[in-house]
Amino acid sequence: AGKSTLLRMLAGAGRPDRGIIRIDHANMLDWDPERLAPFIGFLPQDVSLFAGTVKENIARFQGGSDTPSGEIDAKAIAAAKACHAHELILGLPNGYDSLLGWGGRGLSAGQAQRIGLARALYGDPPIVLLDEPNAHLDAAGEAQLLETLIALKERKAGVMIIAHRMGVLSAADKILVLRDGKIEAFGARDEIMARLRNAPAPARSLPGSRGPRRHG
């Protein structure tokens with residue numbers, strides 16, 4: 001339906017073919033990407049961790065003389081605590097200094113997703129974009145994710161979530177439904193949820209044909 005594509009465009013990871021994405025009324029393409037990046041936290045569907053330490057991945061490999069290492073340490077720990085990943089990281093062989101292989105090799109899918117979420121929250125960005133952040137979480141992890149989303153709302157962050165599993169939608173104020181790349185519905189959460197519950201079931205597929213795609 002184009003949900004992940006939409007989020008990538010909003011994160012600056014791609015350019016729209018037409019139309020304008022605006023941040024503070026300015027065309028996103030007019031912003032210096034390096035200056036804009038700290039203000040956007042992005043968790044893609046494919047978490048895409050890199051070879052390096054857990055801390056380096058959370059801190060987006062920031063470093064150098066402009067940023068003291070102690071400040072990076074503090075911000076990485078704060079981000080991990082914000083998404084309940086701190087104890088998970090301390091349980092790794094070398095904690096925040098644990099080395100990861102390319103793609104986050106050495107972690108389970110759920111652990112990688114938690115660290116990717118911490119990376120998205122690093123530095124308290126005012127815009128947070130999350131693509132299926134609960135895809136690899138168990139019930140306890142999803143409950144902790146809801147706590148994180150509520151905390152983000154309390155600090156007035158703008159949060160956009162793509163979800164197939166409906167549990168996280170209880171923290172949403174509004175829901176946008178996309179189908180075949182077009183907006184099918186947009187409005188207050190309870191209104192859209194009621195409309196989805198009352199929608200007729202899709203027609204059953206013929207034997208041997210592909211079933212209807214599910215859209216969140």
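Contact here means heavy atoms within 4.5 Å.

**Figure 1. Overview of the predicted model.** The structure shown is a predicted model. Its fold holds eight helices and nine strands. Take the contacts between residues at least 6 apart in sequence: 62% of them join residues at least 24 apart. Of the 216 residues, 38% count as buried. The protein exposes about 12900 Å². Carbon and sulfur atoms supply 53% of that area.

**Figure 2. The second largest pocket and its lining.** This pocket has a volume of about 790 Å³. Its lining is made up of 32 residues. Nearest the pocket centre lie A11, G12, A13, P33 and A37. Which elements give two or more residues to the lining? They are helix 1 (3-11), helix 2 (33-36), strand 3 (40-43) and helix 6 (109-121). By residue class, the lining divides into 20 nonpolar, eight polar and four charged.

**Figure 3. Q113 in helix 6.** Q113 lies in helix 6. Is Q113 buried or exposed? Its relative accessibility is 3%, so Q113 counts as buried, the cut-off being under 20%. Neighbours within four places in sequence are left aside in this view. Beyond them, Q113 is in contact with L43 and V47. Q113 also contacts a run of residues further along the chain: E132, P133, N134, A135, H136 and L137.

**Figure 4. V159 in strand 7.** V159 is found in strand 7, which covers residues 158-162. The relative accessible area of V159 is 29%, so this residue is partly exposed. Which residues does V159 touch, not counting those up to four places away in sequence? They are V128, L130, L149 and L152. The view also takes in D173, 14 residues from V159 along the chain. The C-alpha atoms of V159 and D173 are separated by 10.0 Å.

**Figure 5. The hairpin of strand 8 and strand 9.** Strand 8 spans residues 174-179, and strand 9 spans residues 182-188. The two strands pair in the antiparallel sense. How many bridges does the pairing run over? There are six bridges between strand 8 and strand 9. On strand 8, I175 stands opposite G187 in strand 9. Two residues lie between the strands of this hairpin. In the hairpin, D180 takes a positive phi near 55°.

**Figure 6. F61, a loop residue with positive phi.** Most residues other than glycine have a negative phi. F61 has a positive value, with phi near 60°. Where does F61 lie? F61 sits in the loop between helix 3 (54-58) and helix 4 (69-82). The relative accessible area of F61 is 40%, so F61 is partly exposed.

**Figure 7. K156, in the loop before strand 7.** K156 lies in the loop between helix 7 (139-154) and strand 7. Phi of K156 is near 70°. That is a positive value in a residue other than glycine. Is K156 buried or exposed? K156 has 74% relative accessibility and therefore counts as exposed, as the cut-off for that class is over 50%.

Key: Residues are numbered from 1 along each chain as its sequence is written. This is a predicted model: local features need pLDDT of at least 70, side-chain atom pairs count only at pLDDT 80 or more; totals for chains, interfaces and linings use all residues. Side-chain values use heavy atoms; hydrogens and water are left out. Two strands pair if DSSP finds at least two bridges between them. Helices (H or I, at least four residues) and strands (E, at least two) are DSSP runs, numbered from the N terminus. On a 1 Å grid over the protein atoms alone, a cavity is a set of points where a 1.4 Å probe fits but cannot get out, and a pocket is an open set with protein on both sides within 12 Å along at least five of seven lines; lining residues have an atom within 4 Å of a point. Grid points are joined across faces, edges and corners, and a volume is the space filled by probe spheres set on the points. Ala, Val, Leu, Ile, Met, Phe, Trp, Tyr, Cys and Pro count as nonpolar, Asp, Glu, Lys and Arg as charged, and the others, Gly among them, as polar. Buried means under 20% relative accessible area, exposed over 50%, partly exposed in between (1.4 Å probe, protein chains only). Accessible areas come from the Shrake-Rupley method with a 1.4 Å probe; for residues, only the protein chains shown count as cover.
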